[in-house]
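Me: I have a structure open and would like to go through its side-chain contacts. Could we take them one at a time?

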Amino acid sequence: MIKRCSKILFTILITFIFASNVFAATSGKTSLKDLKDQLAKDKANVNAIAAKQQQVQKNIKNIEKELDEVANEIDQCESDIKTSKEKVIELETEITNKQLEIDNLLNFLQVSKGENVYMEYIFKAKSFTDFIYRSAVVEQLTEHNDNMINEMYDLIEKNKQEQKNLSKKIDDSENTIDKLNVTLKKYNLTMDDLVDDHKDAKADYLADKKEVEAYEKLYKQNGCKETTTILNCIDIPYANGFIRPLKSGTITSEYGLRYHPTLHYYRMHNGIDIGTPMNTPVYAAAAGIVTKITRVANPAKKNSSCGGNKVYVKHRVNGKEYTTAYMHLHSISVKLNDFVTASTVIGKSGGGESYDYCTTGPHLHFGILKGSTYENPRNYVNFPKLGKRFTSRY
Ligand SMILES: [Zn+2]
């Protein structure tokens, strides 16, 4: 029980660490320097994934080489078995021939014994010695042939045993091939994951790079130091509060720790899900500035992204810095650095796309960060209860 609890606690802890990394990666940083630090981390992440890919590729190559070697071994065994079978046939023919020879010899002896008249004649006519002599020769010859046949039988036995050994070797090799193929499949799956991870990491990096470039420009225009906070350097529009980002929708999932429906493990859900048909206009929840846009790197590839297209808007509400996040967008209709109001359509909703493996159907994922920490959107926006529908933005 304790073990089980600690395992759950461990999972939660890991999930929070993981989730806080996600916060850091997607949060509105307070100064240009922070953003640059994040960009460096993004790049390191892209490189780390690329290094892992290389390692897995190397492992795949090694296994493929091993598979080739085992296949060659099997070929060799099969060829050896063929040679051995031919040898057995050869020996069997030879045995038949020797047997025939013995039969002939015995036959001769029999005939000699049977021809009584002739024998009698031989007895009387001093040829008994000759008869004995002939019998002895025949006996010797048959004994010699018998020995040879026995040797050949031994050889056949040896060959058959060798064939058995080779067959066993083939079976073993085939087992090895099966095992290698299982490992290879695992590596290939890992590789597929890494390819997707690499694309996501690169999309993050490129989005953060654009963000840094945009802020660099604004910081330069306003003559600010890198360490100055964004709020102090850039005139983010003021807002009094947040309203719903959709004109209508149904709350389908709450903010908080939850068992993820498609990833199948406990994970921090850092926003609220609002079910709405595809291509519904999505509005900014308050006036602000678009600070980050992440586009799906490869929309043609199934399961290539978690979260789809994303837009982040920075706000100054009652003097505090917030960022709102809009995910699973089908399309984006704002540009980086655009000033928006609560009536600006930032994009159209999605969530039904095949490239997005972190969604089960059309919906908007809406998140709010205070500073750089995701908070429950319910603390800022008036949403109905879970499963309930709303039909206005207030
Ligand atoms: Zn969500």
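Me: Let me start with Lys335. Is Lys335 buried or exposed?
Reply: This is a predicted model. In it, Lys335 counts as exposed because its relative accessibility is 57%, and the cut-off for exposed is over 50%.

Me: Which residue forms a salt bridge with Lys335?
Reply: The partner is Asp338, and the closest N and O atoms of the two are 3.7 Å apart. Asp338 has a relative accessibility of 22%, so Asp338 counts as partly exposed.

Me: How many salt bridges does the count come to?
Reply: The count comes to eleven salt bridges. Among them is one between the side chains of Asp208 and Lys292, at 2.9 Å from N to O. That pair links distant parts of the chain, with Asp208 in helix H4, Lys292 in strand S7 and their positions 84 residues apart.

Me: And are those two buried or exposed?
Reply: Asp208 is buried, with a relative accessible area of 4%. Lys292 is buried too, at 2%.

Me: What else does Lys292 do? Where does its charged end sit?
Reply: The charged end of Lys292 sits over the ring of Tyr312, at 5.1 Å from the ring centre.

Me: Any further salt bridges to look at?
Reply: Lys314 and Glu321 meet through their side chains in a salt bridge of 3.0 Å, N to O, and both residues are buried. There is also a network of salt bridges that links Lys36, Glu216 and Glu226.

Me: Changing topic: how many disulfides are there?
Reply: The count comes to two disulfides. In general, a disulfide is a covalent bond between the sulfur atoms of two cysteines. One of the two joins Cys224 to Cys233, with an S to S distance of 2.0 Å.

Me: Why is the link of Cys224 and Cys233 called right-handed?
Reply: The torsion about its S-S bond is about 95°, so the disulfide of Cys224 and Cys233 is right-handed. As for exposure, Cys224 is partly exposed, with a relative accessible area of 23%, while Cys233 counts as buried at 8%.

Me: Which cysteines form the other one?
Reply: Cys306 and Cys358 form a disulfide, with their sulfur atoms 2.0 Å apart. This link is left-handed, with -105° about the S-S bond. Cys306 lies in the loop between strands S7 and S8 and Cys358 in the loop between strands S11 and S12, so the pair ties together parts that are 52 residues apart in sequence. Both cysteines are buried.

Me: What pattern do the disulfides follow along the chain?
Reply: Counting bonded cysteines along the chain, the pattern is 1-2, 3-4.

Me: Now the aromatic rings. How many aromatic pairs are counted?
Reply: The count comes to six aromatic pairs. In one of these, the ring centres of Tyr326 and Phe366 are 5.5 Å apart and the planes are at 55°, so the pair is tilted. Tyr326 belongs to strand S9 and Phe366 to strand S12, 40 residues apart, and the pair thus links distant parts of the chain.

Me: Which cluster do Tyr326 and Phe366 belong to?
Reply: Ring pairs link Tyr326, Phe366, Phe383 and Phe390 into a cluster. Tyr326 counts as buried at 0% relative accessibility, Phe366 counts as buried at 0%, and both Phe383 and Phe390 are buried.

Me: Last topic, the surface. Which residues make the nonpolar patch?
Reply: Tyr133, Val137 and Leu141 make a nonpolar surface patch of about 270 Å². Val137 is found in helix H4, which covers residues 128–222.

Methods. Residues numbered from 1 in each chain as written. Predicted model: local features only at pLDDT ≥ 70, side-chain atom pairs only at ≥ 80, totals over all residues. Heavy atoms only, no water. Patch = residues over 30% accessible without salt bridge, like charges linked within 9 Å, V, L, I, M, F, W, Y side chains within 5 Å. Areas by Shrake-Rupley, 256 points an atom, 1.4 Å probe, with all protein chains shown as cover. Salt bridge = Lys/Arg side-chain N within 4 Å of Asp/Glu carboxyl O. Helix = DSSP H or I, 4+ residues; strand = E, 2+ residues; numbered from the N terminus. Phe/Tyr/Trp six-rings, centres within 6.5 Å; stacked < 30°, edge-to-face > 60°. Buried < 20%, exposed > 50% of the residue type's maximum accessible area, 1.4 Å probe, protein only. Lys NZ or Arg CZ within 6 Å of the ring centre and 35° of its normal. Disulfide = S-S within 2.5 Å.
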